[in-house]
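Notebook open, coffee poured. I want to go through this one from the outside in and back again.

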Amino acid sequence: VETTPKAANTATAIRFREDQLVRRGVVLVEFDSTQVRAELAGAEAALAESKAQYERSRQLESSNVLSRAQLDQIEAALKTNQAAVDVARARLSDTVIRAPFDGRTGFRNISVGSFVSPGTMVTTLDDTSIIRLDFTVPQTYLSALERGLAIAARTNGLPGRTFDGEITALGSRIDPVTRSITVRAELPNRDGVVRPR
């Protein structure tokens, strides 16, 4: 995947090295969170006040001092303030980019102090433990193809090495020009020598 921020912000810390194996959930980049933390604190204070007012109002409503309509308004304000806290927490979590899975980082494309916009690629993250290989086979061999069929693959970049795997999927269509079908295989890559394109 290409890791990108969800919101425009300034990078305050970069927590990964290029070509580093990282675990799922580890922090890769931190962005400025000062304003978002202040918004969250304000939303939490408003929520605490709403909760206290709602509890007092429930007692008053049970003794008929407060109408049901008034209690409904207070409850709506409580729900609105809870939603504001949830939004602020979500925005705070967006100030950190975490690895979505175990993998190897690519080149770092930003520096501390960089202002980064949504969609700007920070780095790539690749899970290379299993490599997916897509290739085409002439349709005349279609009857011999099936899921689980063992294959052996080679690459010019690693002469003398053979990588064993198996077919995991067959394309749903025959290409009308080449009269071939696309096949997908998965190859274990425990030592990480095969790199994705």
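Before anything else, I fixed my burial terms: buried is under 20% relative accessible area, exposed is over 50%, and partly exposed lies in between (1.4 Å probe, protein chains only). I also noted that this is a predicted model, where local features need pLDDT of at least 70, side-chain atom pairs count only at pLDDT 80 or more, and totals for chains, interfaces and linings use all residues. Residues are numbered from 1 along each chain as its sequence is written, and side-chain values use heavy atoms, with hydrogens and water left out.

**Thr168**

I tried the burial cut-off on Thr168 straight away. Thr168 counts as buried because its relative accessibility is 17%. I found Thr168 in strand β11; strands here are DSSP runs of E, at least two residues, and helices are runs of H or I, at least four, numbered from the N terminus. What is Thr168 in contact with, leaving aside neighbours within four places in sequence? I got Arg147, Arg184, Ala185 and Glu186, with contact meaning heavy atoms within 4.5 Å.

**Around β11**

I followed β11 (residues 163–174) to its partners, counting two strands as paired if DSSP finds at least two bridges between them. β11 pairs with β10 (residues 150–153) in the antiparallel sense over four bridges, and Ala150 stands opposite Glu166. β11 also runs antiparallel to β12 (residues 180–188), with five bridges joining them. There I looked up Ile167, whose bridge partner in β12 is Ala185. β11 and β12 make a hairpin with five residues between them, and Arg179 in the turn has a positive phi of about 55 degrees.

**Whole chain**

I counted two helices and twelve strands. In sequence order the pattern reads β-β-β-β-α-α-β-β-β-β-β-β-β-β. The radius of gyration, taken over C-alpha atoms, is 27 Å, well over the 16 Å from the globule rule (2.2 Å times the number of residues to the power 0.38) for 197 residues, so the chain is more spread out than a compact globule. The C-alpha box along the principal axes is roughly 85 × 45 × 30 Å. Buried residues make up 30% of the 197. Of the contacts with a separation of 6 or more, 65% are between residues 24 or more positions apart.

**Helix α2**

Does the end-to-end distance of α2 fall short of its expected span, or what does it do? I took the expected span as 1.5 Å times one less than the number of residues. For the 26 residues of α2 (residues 68–93) that should be 38 Å, and the end C-alpha atoms are 37 Å apart, which agrees. I listed the buried residues of α2 as Leu71, Ile74, Leu78, Asn81, Val85, Ala88 and Leu92.

**The core**

I then took the largest nonpolar core, meaning a set of buried Ala, Val, Leu, Ile, Met, Phe, Trp, Tyr and Cys residues joined through side-chain atoms within 4.5 Å. Of its 13 residues, Phe16, Leu28, Val29, Phe31, Ile97, Ile110 and Val122 touch the most other members. β2 (9–14) and β4 (27–31) each supply at least two of the core residues, and β4 gives the largest share, three. I noted that β2 and β4 pair antiparallel over three bridges, with Phe31 as the bridge partner of Ala11. Not counting residues up to four places away in sequence, Ile110 touches Ala11, Ile14, Val29, Val116 and Val122.
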